[in-house]
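Visitor: Could you take me through one part of this model up close? I'm after the second pocket and whatever sits around it.

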Amino acid sequence: MVEDQSLNTRENLRFARRLMQAHGWQSAVIATSDFHAARTLATARQEGLTEVSIAKARYTWPGKYAAVLREGLSWVKFWMQSAGIWGK
């Protein structure tokens, strides 16, 4: 199943959880890039998805520097959301 209505990682996981609940599913495999996997797993847990596995695709050049920079900034946003500083 693919959730295709979200605009970001948190929405993707939130909407996927709703789909899972509607079908009675308890576990999921999340496909993401290798450098994005840790934050994806942390966000999944915050969104109530505790029975998940991560399938990581290796990110290759070009553009890896920009992607890693974006992921670093996304971690800052994640921590701010976790602390209640940034809206969910």
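Guide: Sure, let's start with the walls. Helix H3 is the top contributor to the lining of the second largest pocket, giving five residues. Keep in mind that this is a predicted model. The pocket itself encloses about 220 Å³. Its lining counts 15 residues, and the ones nearest the centre are Asn8, Thr9, Arg10, Lys77 and Gln81. Three elements each give two or more residues to that lining: H1, helix H2 (37–46) and helix H3 (64–82). As for chemistry, the lining splits into two nonpolar, six polar and seven charged residues.

Now pick out Arg10, one of the residues nearest the centre of the second largest pocket. Its side chain forms a salt bridge with the side chain of Glu47, at 2.9 Å from N to O. Arg10 belongs to helix H1, while Glu47 is in the loop between H2 and strand S2 (52–57), so this pair ties together parts that are 37 residues apart in sequence. Both partners, Arg10 and Glu47, are buried. If you want the general idea, side chains of opposite charge can pair when their charged atoms come close.

Glu47 has another partner. The side chains of Arg14 and Glu47 also meet in a salt bridge, again listed at 2.9 Å, N to O. This pair links distant parts of the chain too, with Arg14 in helix H1 and Glu47 in the loop between H2 and S2, 33 residues apart. Arg14 is buried, as is Glu47. Put together, Arg10, Arg14 and Glu47 are linked in a network of salt bridges.

The structure holds three salt bridges, and the one still to visit is between the side chains of Arg39 and Glu71, at 2.8 Å from N to O. Arg39 lies in helix H2 and Glu71 in helix H3, so here the pair ties together parts that are 32 residues apart in sequence. Arg39 and Glu71 are both buried. Glu71 has a relative accessibility of 4%, which is why it counts as buried, the cut-off being under 20%. For a sense of distance, Glu71 and Ala16 are 55 residues apart in sequence and 21 Å apart in space, C-alpha to C-alpha.

Go back to the loop between H2 and S2, where Leu49 lies. Leu49 is buried, with a relative accessible area of 7%. From Leu49 to Ala28 the C-alpha separation is 8.3 Å, although the two are 21 residues apart in sequence.

For contrast, have a look at the largest pocket, which has a volume of about 410 Å³. Of the 18 residues that line the largest pocket, Met1, Asn12, Ala16, Val29 and Ile30 are the closest to its centre. H1 and S1 are the elements that give two or more residues to this lining. H1 gives the most, with six residues. By class, this lining has twelve nonpolar, five polar and one charged residues, against two nonpolar, six polar and seven charged in the second largest pocket.

Met1 turns up on the outside as well. Together with Leu19 and Trp25, Met1 makes a nonpolar surface patch of about 310 Å². Trp25 sits in the loop between helix H1 (9–23) and strand S1 (28–33). With a relative accessibility of 41%, Trp25 counts as partly exposed.

Zoom out and you can place these parts in the whole chain. The protein chain has three helices and two strands, and along the sequence they follow the pattern α-β-α-β-α. Along the principal axes, the C-alpha atoms fill a box of roughly 40 × 30 × 20 Å. Of the 88 residues in the chain, 28% are buried.

So, back where you asked me to look: the second largest pocket draws on H1, H2 and H3 for its lining, and Arg10, among the residues nearest its centre, is part of the salt-bridge network with Arg14 and Glu47.

Note on methods. Residues are numbered from 1 along each chain as its sequence is written. This is a predicted model: local features need pLDDT of at least 70, side-chain atom pairs count only at pLDDT 80 or more; totals for chains, interfaces and linings use all residues. Side-chain values use heavy atoms; hydrogens and water are left out. Patches are made of residues with over 30% relative accessible area and no salt bridge: like charges are joined within 9 Å, nonpolar side chains (Val, Leu, Ile, Met, Phe, Trp, Tyr) within 5 Å. Accessible areas come from the Shrake-Rupley method with a 1.4 Å probe; for residues, only the protein chains shown count as cover. A salt bridge is a side-chain nitrogen of Lys or Arg within 4 Å of a carboxyl oxygen of Asp or Glu. Helices (H or I, at least four residues) and strands (E, at least two) are DSSP runs, numbered from the N terminus. Buried means under 20% relative accessible area, exposed over 50%, partly exposed in between (1.4 Å probe, protein chains only). On a 1 Å grid over the protein atoms alone, a cavity is a set of points where a 1.4 Å probe fits but cannot get out, and a pocket is an open set with protein on both sides within 12 Å along at least five of seven lines; lining residues have an atom within 4 Å of a point. Grid points are joined across faces, edges and corners, and a volume is the space filled by probe spheres set on the points. Ala, Val, Leu, Ile, Met, Phe, Trp, Tyr, Cys and Pro count as nonpolar, Asp, Glu, Lys and Arg as charged, and the others, Gly among them, as polar.
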